[in-house]
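Here are some short exercises to work through with the model open beside you. Try each task yourself before reading its solution.

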Amino acid sequence: MEEELKQEWDAPAINLTPSIPRAVTLLFATACGMSVANIYFAQPLLDQLSIAFTIDLSIIGVVITITQIFYGLGLLLLVPLGDLLNQRRLIIGQMLLSTTALVIVGTASYSIVLFTGMALVGLLAVVTQTLVAFAATIASPTERGRVVGIVTSGIVIGILLARTFAGLLTDLAGWRTVYLVSAAVMLIMVCLFLKVLPTVEREVKSLPYHQLIRSVFTLLKQERTLRIRAILAMLIFADFSILWTSLVLPLSAPPLALSHSVIGAFGLVGVAGALAAARAGRLADRGYAQRTTGIALALLLISWLFISYLEQSLFALIVGIVLLDLAVQAVHVTNQALILPLRTEARSRLTAGYMIFYSIGSASGSIASTQIYAHFGWKGVSFLGASISALAILFWATTLRFTKH
């Protein structure tokens, strides 16, 4: 594989080629999917974790919230380093540390150790965003949306397949196996990256670390497009998290009482939507970003109508899942295609500022969904998701006059 990649790469690593070899793009997407899956394994396992660590179902969502909070901290404290340090070394180092964090979770005997391990998993999973920024740097301007679309699709597919992977392994060998197997796979990926991950020499300004971090907020203040798209990310990923965090609760409880393997298989359904949305990056390249966003947000709202019928029809749930994942991925890809060209020298910081809002939305959706489900059932969860979708449409409509695309 190493020789194949080297042959495909049309120029020395220090030069930016007009096009990224497909094999390299897919490798980036695979690495992103594997890394981000680590913070979503717990979602279909909430009932198992509740039993193993004696945590009440009404607050078990805190496991996801802790992971997302530290993911947000990683976005602020680690991702901006991609504009300052060698990105290849940064990526490999974070993946090695992620392996250690996964082992901590997989061997935890007390809830405090579990929470600590989950916090580290979330903190280090931000390597996905360093990979996205790296891919955008290598890509030519005319294909940047396409490349970002493929790599970002790897992230969303990783999130969705995490549930399938976690469900199957839990039924076969217990929930701990999920994290230990993932640690082994991450280590294999590190070895592969040591051989094939390209090195790109860049001219970067030397900044003290505190100024680097402060500049993330400066970019949010200066770039209106970044602010608008970051808020949209917060809303759509709150919706995404509301569905996927709480979905295991009604599906695993009577009368459905589905196994973890079957529950995890619903992630495969979501992959269809995520793959369908990969073209959103190409549409953004052609100037259709706003049209794509509007249609996707409308589909997001419609998806909750189908999702609300979970207790009456699993087919309706499947339709809703496909629509929701299609919509979220389309908006997410479009968002990144619009913000990454804003400042070519600060792509990692642009990504960090944008993804901080993503993390806020995901964490809020996780804790809110389990609380709402405990008090109002699935209808309450569906109403919450639909309300946030409507808010996203309203926000997008009011900001149309401030955007050029």
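## Exercises on a predicted model

**Exercise 1. Place Ser98 in its helix and decide whether it is buried or exposed.**

Start with the secondary structure: Ser98 sits in helix α5. The coordinates come from a predicted model. Next, look at the accessibility: the relative accessible area of Ser98 is 5%, and buried means under 20%, so Ser98 is buried. Finally, look for partners beyond the four neighbouring places in sequence: Ser98 is in contact with Leu124, Ala125 and Met186.

**Exercise 2. Describe the overall fold: how many helices and strands are there in the protein?**

First, count the elements: the protein has 17 helices and zero strands. Then take the radius of gyration, which is 20 Å, close to the 22 Å given by the globule rule for 405 residues; the protein is therefore as compact as a globular protein of that length. Along the principal axes, the C-alpha atoms fill a box of roughly 60 × 50 × 40 Å.

Now turn to packing. Of the 405 residues, 58% count as buried. Among contacts between residues at least 6 apart in sequence, 83% join residues at least 24 apart. The accessible surface comes to about 15700 Å², and 67% of that belongs to carbon and sulfur atoms.

**Exercise 3. Find the salt bridges of the structure and say which parts of the chain they link.**

Recall the principle before searching: side chains of opposite charge can pair when their charged atoms come close. A search of the structure gives two salt bridges.

- Step one: Arg349 pairs with Asp83, with the closest N and O atoms 2.8 Å apart. Arg349 belongs to helix α17 (residues 347–398) and Asp83 to the loop between α4 and α5, so this pair ties together parts that are 266 residues apart in sequence. Both Arg349 and Asp83 are buried.
- Step two: Glu223 pairs with Arg343, with the closest N and O atoms 2.9 Å apart. This pair also links distant parts of the chain, as Glu223 is in the loop between α10 and α11 while Arg343 is in the loop between α16 and α17, 120 residues apart.
- Step three: compare the accessibility of the two partners. Glu223 has a relative accessible area of 15% and is buried, whereas Arg343, at 23%, counts as partly exposed.

**Exercise 4. Check the span of helix α11 against its expected value, and say how covered the helix is.**

Take the range first: α11 covers residues 224–246, which makes 23 residues. From the first C-alpha to the last, the helix reaches 33 Å, close to the 33 Å expected at 1.5 Å a residue. As for cover, 18 of the 23 residues in α11 are buried, which leaves the helix mostly covered.

**Exercise 5. Which residues make the nonpolar surface patch of about 410 Å²?**

The members are Ile69, Phe70, Leu73, Leu77 and Tyr209. Sort them by element: α4 gives the largest share, four residues. One of the members, Leu73, lies in α4, and its relative accessible area of 35% makes Leu73 partly exposed.

**Exercise 6. Locate Asp47 and find how far its C-alpha atom is from that of Ala316.**

Asp47 is part of helix α3 (residues 46–52). With a relative accessible area of 17%, Asp47 is buried. Ala316 is 269 residues away along the chain, and the two C-alpha atoms are separated by 24 Å.

Definitions and conventions
Residues numbered from 1 in each chain as written. Predicted model: local features only at pLDDT ≥ 70, side-chain atom pairs only at ≥ 80, totals over all residues. Heavy atoms only, no water. Helix = DSSP H or I, 4+ residues; strand = E, 2+ residues; numbered from the N terminus. Expected span 1.5 Å × (residues − 1). Buried < 20%, exposed > 50% of the residue type's maximum accessible area, 1.4 Å probe, protein only. Salt bridge = Lys/Arg side-chain N within 4 Å of Asp/Glu carboxyl O. Patch = residues over 30% accessible without salt bridge, like charges linked within 9 Å, V, L, I, M, F, W, Y side chains within 5 Å. Areas by Shrake-Rupley, 256 points an atom, 1.4 Å probe, with all protein chains shown as cover. Rg over C-alpha atoms; globule rule 2.2 N^0.38 Å. Contact = heavy atoms within 4.5 Å. Lists of a residue's contacts leave out its neighbours within four places in sequence.
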